[in-house]
Amino acid sequence: MTDATLLLQGLSERRHRRRGAETRLFEGGEGPPLLLLHGFGGAAWNFAELVPLLRGRRLIVPDLPGHGASTPLPAVSLAAFADVVAELVAGPVDVLGHSMGGVVGLRLAERHPSLVRRLVLAAPAGISSSTRLAELSIMLAGIVQPGRLAGRRVDRIARSRRLRHLVFGPLEVSNAELLTERAVHGFLRGSTMHTDALSAGLALAADDPRLDLERVRCPVLVLFGGRDRQVPLDDGLEYARRLRAPLRVIADCGHLLIGERPDACARAVLQFTESR
């Protein structure tokens with residue numbers, strides 16, 4: 001697979017302009033709306049394996065500001081990201097946020113409560129990521145840009161078992177063998193297009209959503225990989241406790257659960273968002 005247009009089949013690309021900034025998003029499907037928010041250094045294409053499994057939903061999948069083909073914001077904060085996302089939806093939606101996207105989802109629920117019906121936090125950042133060590137790690141990643149380097153070699157990585165293990169394991173996934181070529185392309189292609197992912201990472205490090213969780217009123221599900229080595233499961237336990245939310249753990253799965261175990265993620269998302 002070399003054509004990026006095939007990564008989100010069935011969805012149409014469009015652009016939304018706001019105050020000089022442009023957001024690329026993909027939309028399609030029929031049914032209740034479901035908004036998918038990717039993580040730091042990611043792009044809408046990260047959901048390439050998950051999108052086909054979310055049948056019966058109208059999907060809205062943006063590149064967050066400074067990521068993929070979306071332009072950066074002049075002043076970066078995850079609250080500002082949430083405000084951008086709020087303009088992409090016409091009414092109440094269910095939200096799935098992965099990693100940093102989980103924090104954006106929390107900020108969306110806090111700042112625009114009428115827009116969020118239910119919220120799924122998949123391996124959510126925001127607790128361990130708000131430490132000084134995390135900030136230094138993000139700065140280093142922004143300087144070295146390993147994702148951009150890997151993205152330029154995505155075809156070779158997708159076809160090579162050894163390179164998949166080198167790029168994705170063990171920090172990102174539990175079992176790189178489970179990543180399909182589509183998943184590899186989905187995770188790596190967007191990184192070659194980023195214009196300001198570093199500022200988003202620093203905004204993530206500066207944002208501790210625990211200070212405002214009492215303002216999140218919608219039902220929440222916390223979803224975690226049992227072998228997540230990037231965001232500790234203890235963070236999931238704390239989110240679940242503070243939000244009074246159920247915690248669902250996918251065994252033998254790492255941080256990129258949306259690509260490593262999309263089947264389990266889709267079941268959890270659909271069961272939770274379709275429940276009454």
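Ala90 is exposed, with a relative accessible area of 82%. The cut-off for that label is over 50%. The model is predicted. Ala90 sits in the loop that links helix H1 (78-86) to strand E5 (93-98). Arg162 follows 72 residues apart along the chain, and the C-alpha atoms of Ala90 and Arg162 are separated by 45 Å.

**Before the loop: H1**

Helix H1 is largely enclosed by the rest of the structure, because nine of its nine residues are buried. These are Leu78, Ala79, Ala80, Phe81, Ala82, Asp83, Val84, Val85 and Ala86. What do they pack against? The buried residues of H1 pack against strand E1 (12-18), strand E2 (21-28) and E3, and also against helix H2 (100-111) and helix H8 (197-206).

**After the loop: E5**

Strand E5 is mostly covered, with six of its six residues buried. Both of its faces are covered. On one side lie Val93, Val95 and Gly97. On the other lie Asp94, Leu96 and His98.

Which strands pair with E5? Strand E3 (residues 33-37) does, and so does strand E6 (residues 116-122). The table sets out both pairings.

| Pair | Sense | Bridges | Residues facing each other |
|---|---|---|---|
| E3 and E5 | parallel | four bridges | Leu34 and Asp94 |
| E5 and E6 | parallel | six bridges | Leu96 and Val120 |

Asp94 is the bridge partner of Leu34. Asp94 is also one of the buried residues of E5. Leu96, which stands opposite Val120 in E6, is buried as well.

**A helix pair: H6 and H7**

Two packed helices are described by the angle between their axes and the distance between the axes. How do H6 and H7 cross? The axes of helix H6 (residues 161-168) and helix H7 (residues 181-188) come within 12 Å and cross at roughly 40°. That angle makes H6 oblique to H7. The crossing of H6 past H7 is left-handed.

Which residues meet there? From H6 come Arg164, Val167 and Phe168. From H7 come Val184, Phe187 and Leu188. By class, this contact holds five nonpolar residues, no polar ones and one charged residue.

**In brief**

The loop residue Ala90 is exposed. H1, on one side of that loop, has nine of nine residues buried. E5, on the other side, has six of six buried. E5 pairs in the parallel sense with E3 and with E6.

Technical notes:
Residues are numbered from 1 along each chain as its sequence is written. This is a predicted model: local features need pLDDT of at least 70, side-chain atom pairs count only at pLDDT 80 or more; totals for chains, interfaces and linings use all residues. Side-chain values use heavy atoms; hydrogens and water are left out. Helices (H or I, at least four residues) and strands (E, at least two) are DSSP runs, numbered from the N terminus. Buried means under 20% relative accessible area, exposed over 50%, partly exposed in between (1.4 Å probe, protein chains only). Axes are lines fitted to C-alpha atoms, for helices over the stretch in contact, and angles run from 0 to 180 degrees between N-to-C directions. Angles under 35 degrees count as roughly parallel, over 145 as roughly antiparallel, 65 to 115 as roughly perpendicular and the rest as oblique. A crossing is left-handed if the near helix is turned anticlockwise from the far one by less than a right angle, and right-handed if clockwise. Contact means heavy atoms within 4.5 Å. Ala, Val, Leu, Ile, Met, Phe, Trp, Tyr, Cys and Pro count as nonpolar, Asp, Glu, Lys and Arg as charged, and the others, Gly among them, as polar. Two strands pair if DSSP finds at least two bridges between them.
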